[in-house]
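Biologist: Could you take me through the place where the two chains meet, slowly and in plain words? I'd like to end up with a picture I can follow on the screen.

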Amino acid sequence: MNAMISTATPSTAYNFAYLDEQTKRMIRRAILKAIAIPGYQVPFASREMPMPYGWGTGGVQVTAAILGANDRLKVIDQGADDTTNAVSIRKFFEKTSGVATTTLTADATIIQTRHRIPEKELTETQVLVYQVPIPEPLRFLEPRETETRVMHALEDYGLMHVKLYEDIATHGHIATTYAYPVKVEGRYVMDPSPTPKFDNPKMDDCAALQLFGAGREKRIYAVPPHTSVVSLDFEDHPFEATKFDHACALCAATHTYLDEVITDDAGGRMFVCSDTDHCEERRAEGHRGDLLGEAPAAIAGSAA
Amino acid sequence: MTGQPLLTAESVTKFYGSRLGCRDIGFELYAGEVLAVVGESGSGKSTLLKLLSGQLEPSGGRVLYRMRDDVTRDILTLTEAERRFLFRTDWGFVHQHAELGLRMGVSAGANVGERLMAVGWRHYGRIRDEAETWLERVEIDATRIDDRPTAYSGGMRQRLQIARNLVTSPRLVFMDEPTGGLDVSVQARLLDLMRGLVADLGLAAIVVTHDLAVARLLSHRILVMKDGRAIETGLTDQVLDDPREPYTQLLVSSILQP
Ligand SMILES: Nc1ncnc2c1ncn2[C@@H]1O[C@H](COP(=O)(O)OP(=O)(O)O)[C@@H](O)[C@H]1O
Ligand SMILES: [Mg+2]
Ligand SMILES: [Zn+2]
């Protein structure tokens with residue numbers, strides 16, 4: 001896909017960014033509280049949005065509440081700007097707010113994401129908004145909401161290590177690769193769900209503000225800029241970010257998160273960057289992966 | 001044994017609305033001492049146990065506990081954080097139904113290791129070693145460490161529950177009908193094991209049971225309850241061999257008959 005910056009004319013049938021001003025103020029208050037208590041899940045009165053819950057209504061409401069007319073919005077899903085989910089959320093905001101949208105990480109002031117943190121280092125002028133399905137890291141072993149709330153309040157987090165213990169007992173190593181639990185600023189345990197653990201180190205001391213919205217579960221939480229985010233582990237089984245055996249087949253990157261993609265009916269496969277913008281930028285800079293010439297246009301995009 | 005009791009119950013009383021749970025129960029329990037609470041169903045034994053362990057608020061009276069720092073506290077004045085800390089360090093609670101005291105969805109090793117992790121252990125290998133030691137101590141083959149309790153028999157589950165409680169070396173363990181619902185031969189083995197552990201570890205315990213044989217085997221002292229009141233208390237052997245109250249005589253004779 002071509003990198004693009006586009007400007008749309010908002011439809012006048014909606015309030016700016018769809019939500020009414022009172023709702024936005026309510027969400028902003030929840031966001032401010034979340035920033036004041038890093039990693040703490042703040043309840044908020046989640047609204048019905050004109051899309052199903054699985055589509056990131058929590059993230060959409062957070063974005064709607066912080067969006068200003070001069071913002072440039074980027075929306076990604078699995079690292080890509082052109083998936084159905086990303087496209088429809090981007091269109092939603094183009095239509096309801098008229099703000100400029102972009103696929104370039106560096107150009108965006110707000111990035112809404114479902115799974116990934118962009119490979120390019122974020123800056124203090126940016127906000128990363130996560131769409132979160134399940135905000136409660138303790139839910140795996142303790143389904144009672146009343147109990148998990150007390151556990152957070154009392155910093156009673158032994159259960160998180162029970163989960164990791166069980167992983168090692170079963171698999172010989174910590175097999176959790178997504179939604180890998182972290183401790184924020186030495187206090188609250190948080191679920192960065194559903195990002196891959198590969199991205200956990202990027203959350204630590206990140207210059208950008210990170211906001212998390214869970215629509216169905218009615219929770220907002222935040223990691224303010226330059227906050228400590230530590231992945232939980234054991235002394236003898238330290239946290240390790242996922243490492244790939246391959247370089248990106250298109251841009252030869254060895255430091256990025258790779259997706260395995262099927263290239264043909266005959267079982268052909270290749271590993272390519274999940275962050276499509278980053279991959280295209282590297283190719284534009286002249287980096288060339290092994291299969292760049294052979295990759296179908298649907299995978300390589302027009303930057304091939 | 002120090003001069004101060006570990007736990008003191010003072011006129012402990014509980015009403016559920018207008019229904020009496022238990023009334024005016026008072027006793028002192030010293031470190032290393034085992035007290036059996038006996039009585040028929042509905043006499044208030046479980047109510048008393050919940051009051052003593054701070055899980056239920058009394059309608060009257062109070063419960064005092066001498067903490068590890070030797071300061072005696074009214075357990076009602078403990079913060080929730082202190083109460084929880086007590087429950088995963090210095091206290092144990094063994095439920096009649098092991099499923100209530102275990103996490104059925106994780107392995108035996110994780111069940112035993114949970115308290116260690118809760119108090120800050122962060123070395124997997126050491127947690128596992130400790131779990132193995134405790135499994136062996138309750139006569140569970142260490143090769144079963146990665147099995148879930150769902151794969152265990154009733155007797156094994158109960159022993160696992162005991163190991164899970166004892167791993168932090170508590171000074172006091174509450175047990176509610178720990179052998180209830182088990183086959184007679186399984187009961188005998190469990191009792192034997194508990195008697196050994198209590199003696200070896202110098203544990204204090206409050207054991208609720210309707211089975212006088214359990215009381216006889218495990219306890220130093222006994223408290224007989226009827227209709228929510230303690231009607232007789234004393235050294236276990238004395239009370240069981242020479243009961244004073246007609247009700248206790250009835251209880252004793254009913255089990256002594258073949
Ligand atoms: N949650 C409750 N609500 C109302 N009444 C209760 C409750 N729990 C126990 N009781 C009553 O208190 C009395 C003592 O019960 P319990 O302590 O369970 O006796 P035991 O354990 O000796 O069988 C009984 O009359 C019982 O019906
Ligand atoms: Mg009972
Ligand atoms: Zn690439």
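Modeller: Sure, let's start with charges: between chain A and chain B there are three salt bridges. Keep in mind that this is a predicted model, so everything here is computed from it. One salt bridge to find on your screen pairs Glu147(A) with Arg84(B), and the closest N and O atoms there are 2.9 Å apart. Now look at which elements of chain A are involved. Helix H4 (145–153) and helix H5 of chain A each bring at least two residues to the side that touches chain B. H5(A) gives the most, with eight residues. Sort that side of chain A by class and you get 10 nonpolar, three polar and seven charged residues.

Next, zoom out to the whole interface. Here 20 residues of chain A are in contact with 21 residues of chain B. The area buried between the two chains comes to about 1800 Å², and carbon and sulfur atoms give 60% of that. If you want three names to click on, try Val162(A), Tyr165(A) and Glu166(A): together they supply 31% of the area that chain A buries against chain B, more than any other three residues. There is polar pairing across the interface too, with 12 residue pairs in polar contact, both partners being at pLDDT 80 or more.

Tyr165(A) is worth a second click, as that residue also turns up in the largest nonpolar core. This core has 58 residues, and those with the most contacts inside it are Tyr165(A), Phe234(A), Val112(B), Leu160(B) and Ile162(B). Helix H5 of chain A, residues 158–171, provides the largest share of the core, namely seven residues. As background, nonpolar side chains in soluble globular proteins tend to be buried together. For a look at the chain B part, pick Ile162(B): leaving out residues up to four places away in sequence, Ile162(B) touches Val94(B), Val138(B), Leu190(B), Met194(B) and Leu197(B).

One last stop, this time within chain A. Thr227(A) is in the loop between strand S10 (219–223) and strand S11 (229–231). Is Thr227(A) buried or exposed? Thr227(A) counts as buried because its relative accessibility is 5%, and the cut-off for buried is under 20%. Apart from neighbours within four places in sequence, Thr227(A) is in contact with Pro38(A), Val184(A), Glu185(A), Met203(A), Asp204(A) and Asp205(A).

Note on methods
Residues are numbered from 1 along each chain as its sequence is written. Chains are lettered from A and ligands numbered from 1 in the order in which they are written. This is a predicted model: local features need pLDDT of at least 70, side-chain atom pairs count only at pLDDT 80 or more; totals for chains, interfaces and linings use all residues. Side-chain values use heavy atoms; hydrogens and water are left out. A nonpolar core is a set of buried Ala, Val, Leu, Ile, Met, Phe, Trp, Tyr and Cys residues joined through side-chain atoms within 4.5 Å. Buried means under 20% relative accessible area, exposed over 50%, partly exposed in between (1.4 Å probe, protein chains only). Helices (H or I, at least four residues) and strands (E, at least two) are DSSP runs, numbered from the N terminus. Contact means heavy atoms within 4.5 Å. Buried area is the accessible area (1.4 Å probe) that two parts lose on being put together, summed over both. A salt bridge is a side-chain nitrogen of Lys or Arg within 4 Å of a carboxyl oxygen of Asp or Glu. A polar contact is a pair of N or O atoms within 3.5 Å; within protein, one must be able to donate a hydrogen and the other to accept it, and residues adjacent in sequence count only if both atoms are side-chain atoms. Ala, Val, Leu, Ile, Met, Phe, Trp, Tyr, Cys and Pro count as nonpolar, Asp, Glu, Lys and Arg as charged, and the others, Gly among them, as polar.
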